[in-house]
Amino acid sequence: MPGTTPVEDRQLLVDLGAITGNVAALCELVRGSQVMAVVKADGYGHGMVPAAWAALAGGAGWLGVADLAEAVALRQAGFSVPVLCLMAFGDPGQAIRRNVDVTAGSAAFVTAVEAAAVRAGVRARLQLEADTGLSRGGATRADWPAVVEAALAAQARGSVQVTGLWSHFASADLPGNPSVAAQLAAFADAVALAEKAGVTPEVRHIANTAAALTVPESRLDLVRFGGACYGLSTLPGGAPSWLRPAMTLRARLALVKRVPAGTGVSYGHRYVTSRETTLGLVPLGYADGVPRGAAGRSLVSARGRRWPIAGTVCMDQFVVDFGDEPAAAGDEVVLFGPGNGGEPTAQEWGEVLGTISYDLATGIGARVPRTHTGGDH
Ligand SMILES: *Cc1c(COP(=O)(O)O)cnc(C)c1O
């Protein structure tokens, strides 16, 4: 818990209990559908392995990752639940050997999966991705029949088992956007075509966080929750308040100094003090994931209120103007957290900077020490 864990000089604090609680609440919400926790990109910056354990403790039955190396890393860490790799590139051999569900959105990748399965002497678990309108991964409506045919031919030869059919929304975070219903209908067509051809999937799925929260009929057999597990979402206004952001980014002031009026601060002197004031140095910079665009914004919480970032955010540090506040070296500064102590959230940082909370959470640099609390692993 942020309130009871000692503050380090700089620290990314992850409340695993929040992830477990969020996943438990999400399982309750979508009762009747299975829940996949998406832990790609190092668990949205929270630490892939501890986040995955926390999600399973909350009731998730599946884990989702973006690439094959992430899937293999989950197996090496001891996860035996179904793992789906969402992107189709690279050599799937190692993942197939470890019983990972791999995705194909082209006949060529079905062939690559089959070849790897034959080499490994195993039957590969294969999910087929339909492009129903995102125009990212997956097979277009025109290409889908050939992908299904290739997968069924490989299945007949015993080298693959088609375990799932899935797609992904373009605009589920724009509530009411007509593309959501159009993609649901297109996915139903793709599923019907595949099942008519003889595919018997274990799971059919299309919903991410935004869709599962706002369009109940999108939940189908399985929901792929990413951001929601961590208390984040791409919906306007962020995640609902019953989800708790799990990540806190904080530091201790490395130096405090009194300076006269007219003092230029940080590179380019883009900030000049208007009066005698107290400056505090925060040992986090853009290499640690603090965007340069945060200059001038009141996005830092310390001593019970917000303070402006004074001047340019540097690679390793930035300066805060504390006015006549008796700030002292060693004082705790919170950049973002769950928000219940008045501190900004990653959602607020995203809104101010013209991006999304996921961008902040996944962008914290490797040299910021990670502290995990509230987990069993
Ligand atoms: C990242 C991702 C998800 C999870 O999305 P959230 O918005 O974080 O829930 C689900 N499905 C696919 C295909 C993804 O790439």
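Me: Which atoms of the ligand and of Tyr358 make a polar contact?

Reply: A polar contact is a pair of N or O atoms within 3.5 Å, and in this predicted model an oxygen atom of the ligand lies 3.0 Å from an N or O atom in the side chain of Tyr358. Polar side-chain atoms of Thr209 and Arg136 also lie by ligand oxygen atoms, at 2.6 Å for Thr209 and 3.2 Å for Arg136. Side-chain atom pairs count only at pLDDT 80 or more, and local features need at least 70, while totals for chains, interfaces and linings use all residues. Side-chain values use heavy atoms, without hydrogens and water, and residues are numbered from 1 along each chain.

Me: How much of the ligand does the protein bury?

Reply: By the Shrake-Rupley method with a 1.4 Å probe, the ligand taken alone exposes 390 Å², of which the protein buries 92%.

Me: Which residues surround the ligand?

Reply: Counting residues with a heavy atom within 4 Å, 14 surround the ligand, and Lys40, Tyr44, Thr209, Arg224 and Gly227 are the closest.

Me: Where does the ligand sit?

Reply: Rolling a probe the size of a water molecule over the atoms shows where empty space is left. A pocket is an open set of points on a 1 Å grid over the protein atoms alone, where a 1.4 Å probe fits, with protein on both sides within 12 Å along at least five of seven lines. The ligand sits in the largest pocket, meaning that more than half of its atoms lie within 2 Å of the grid points.

Note on methods
A polar contact is a pair of N or O atoms within 3.5 Å; within protein, one must be able to donate a hydrogen and the other to accept it, and residues adjacent in sequence count only if both atoms are side-chain atoms. On a 1 Å grid over the protein atoms alone, a cavity is a set of points where a 1.4 Å probe fits but cannot get out, and a pocket is an open set with protein on both sides within 12 Å along at least five of seven lines; lining residues have an atom within 4 Å of a point.
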